[in-house]
Each structure stands twice: as C-alpha cells, then as structure tokens.
Amino acid sequence: MDDRVHSEVRRTATEIDTMEIRGAATIADAAARALRTQATESDAADAEAFRAELRATARTLHETRPTAVSLPNALRYVLRDMSSTTVEGLRQNVVDSADEFCARLERAQADLGQVGANRLRDGDTIMTHCHSTDALACVEAAVEQGKHIEAVVKETRPRNQGHITAKRLHELGVPVTLIVDSAARRYLNDVDHVLVGADAVAADGSVINKIGTSGLAVNARERGSPIMVAAQTLKLHPGTMTGHTVDIEMRDTAEVVDDDTLADLGTPTVKNPAFDVTPPRYVDAIVTERGQFPPESIVILMRELFGEGTSEPWAE
Ligand code: RUB
C-alpha cells in the first residue's frame, strides 16, 4: 500500500478486503469515512500534495473489492470538488462531502425501505439470499407499518451471510426458517416474494448480486414468485451506460474447501465467484429511494443521475 495512506485507512482497506466490512452499502460508508480520516489527518505541504494523497487513498480503497459499484461511487462523490487552491479548503470539501454522503446513504436506505414495504402485505413470507441492508430496510419498514412478515433465509454458502440476515430478522421480530441453499426451490412454493439486494445494477437492468441470486430468480420466476431487488441509487453502475461490464470478483478457494480436504479430494480445480448476473427478465422490480422501477427503465434514472459520463478520481 502507498505509504502516504494513513494507518487507519489501511486498516479499513484490509477489513474490506477480508470482508470484516462487507455488503455494498456498508463498504461505501466505510470508504467515505476513510477518505474523511485521510483528509483530517493529512499534513500535506500544499494543495497539489493533498490532492495526490487523496487520489492515492482512493486508489487503495478502490483496489479492495471489484464488484460493488457503491465503492467507486462513494469515492467519486466525496472527491467531487477538489478545486480549492489551499489545503484547508480541500480538507473542508472532503470532510463536508463525506459527511453529506454518509447522511444521504442513511436517508436513501430509509426512503427505499418505505417503497419496498409498500410491496409487502400483512402475512407475507419472503425468501432472502445473502445479507443486504437495503433489503432488510424494506422488511423493517413493513414491520413498523404493523405488518406480520415471515422469512425463509438461505444460508448463502460459502460465507453464510444468511446467518447475519437470520439474526437481524429475529431482532425485528420476524419468524425465520433457515435453509441450505439447495433447498430454495422446494420452499419457493411457500413464499410470496424473493427479496434480495444488489452490488451493482447495470444500464440494461441486470442485477449483480451474491452468487446464487440468478439461479434463485430463475426458479422463482418458474414458480411465479415475484423477485424484488432493493438497491439504492448508489448501486447504479454508470460505466455500464457506455458499454463497460461489471467485474465479477473471484475469491480465495479456501472459503470453499480447506487445504487438507482439497488434497484428500485429489486437488480438483475449485472456483469461488462471489457474485453473478441476473438478467432483467427475471426481475420484477428494482426498489430505490426514488421509487420502484421495472429493470428495463432503470437506465432513465441512471442518465438523470450521472449524465453520460463519470470521472475516476483515483486515476493517477
Ligand atoms: C453482499 C451482497 C449483498 C449486496 C447488497 O456480498 O451480495 O446482497 O452487497 O448489500 P458480500 P447492501 O457479503 O460478498 O459483500 O444492501 O447491504 O448494500
């Protein structure tokens, strides 16, 4: 890592890399706070050195996990005004933007929750995959509206993020049935909605989320259960408007199988992709803080929010 990067920021980058900090919204929040820390702790001699230091910090954070677009979107937002000619002016801009970003993120999740909750009826059962704070915001708002919601929670191998979801739902008073991933189709008969989050939403309405989401969506469509994606606009991927594709993170195979077992199996090739792509035809609604959208029309919102292009403040 670049030695201009503050030790606290390096720790955040490591925690994102090792998934102690995980989930697209949480990663974005941590990245914005890290830029803020770098700005407040910087002893750069002049404005140019400050700008270079913040770019190096953004690069360090950007290199941690490639799929969740909320991370580059957060870096872009916090570093959007680096025009001041003094260190103090630049520091203040970064601090103000980071604070504004974190406040907006929290508000967006609460607003999105209200929209998603309106889709849930009293007595509904949802099926979840992985752990998404955006998805849980919808359940929380529905519970606050006085609705009784139950949940079938997929454990989500190999990292078992379903356990976090089960715990959070229990804290909300939602009865939970925990199942292994391969039991999902069996239990789709019992659910009224599949509710998942997103790491990125592409301009064509494809949803990039935890590996297994696409198979779940295909099965849900076949069973007739609506698939709702809770994704604040921070998850919209501006690069996909100009033809870029989303990089799918491949993680360490040790998450799937330990070395001794691997040797015992004759050392097969192991693949561990963290995410997959669900085509828009398997998604019924993308729920954002700006309302709900059919996936095919999400590009209209993207154009409104990003125009036709975006900068990359972490570039040298
Ligand atoms: C997390 C995951 C979540 C999205 C949305 O994957 O796929 O569904 O990030 O989460 P990982 P949120 O555990 O590999 O980070 O709604 O909290 O942003």
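Buried means under 20% relative accessible area. Keep that cut-off in mind. One more note before the tour: this model is predicted.

Let's start with the cysteines. How many disulfides does the structure hold? Zero. Take cysteine 130. Its nearest cysteine sulfur belongs to cysteine 138, 15 Å away. A disulfide needs two cysteine sulfur atoms within 2.5 Å, so at 15 Å cysteine 130 is in no disulfide. Now turn it around. For cysteine 138, the nearest cysteine sulfur is that of cysteine 130, again at 15 Å. Cysteine 138 is in no disulfide either.

Are these two buried or exposed? Cysteine 138 has 0% relative accessibility, so it counts as buried. Cysteine 130 sits at 7%, so it is buried too.

Next, the backbone. Most residues other than glycine have a negative phi, and most peptide bonds are trans. Here are some exceptions.

Go to the loop between strand 2 and helix 7. Threonine 156 lies there. Its phi is near 70°, a positive value, and it is not a glycine. Threonine 156 is also buried, at a relative accessible area of 0%.

Stay in that loop, which runs between strand 2 (150-154) and helix 7 (161-171), and find proline 158. Which peptide bond is cis? The one from arginine 157 to proline 158, with omega near 5°.

Last stop: threonine 267. Look in the loop between helix 10 (259-264) and strand 8 (275-278). Threonine 267 has a positive phi of about 50°, and it is no glycine. Buried or exposed? Threonine 267 counts as exposed, because its relative accessibility is 56% and the cut-off for exposed is over 50%.

Definitions and conventions:
Residues numbered from 1 in each chain as written. Predicted model: local features only at pLDDT ≥ 70, side-chain atom pairs only at ≥ 80, totals over all residues. Heavy atoms only, no water. Helix = DSSP H or I, 4+ residues; strand = E, 2+ residues; numbered from the N terminus. Buried < 20%, exposed > 50% of the residue type's maximum accessible area, 1.4 Å probe, protein only.
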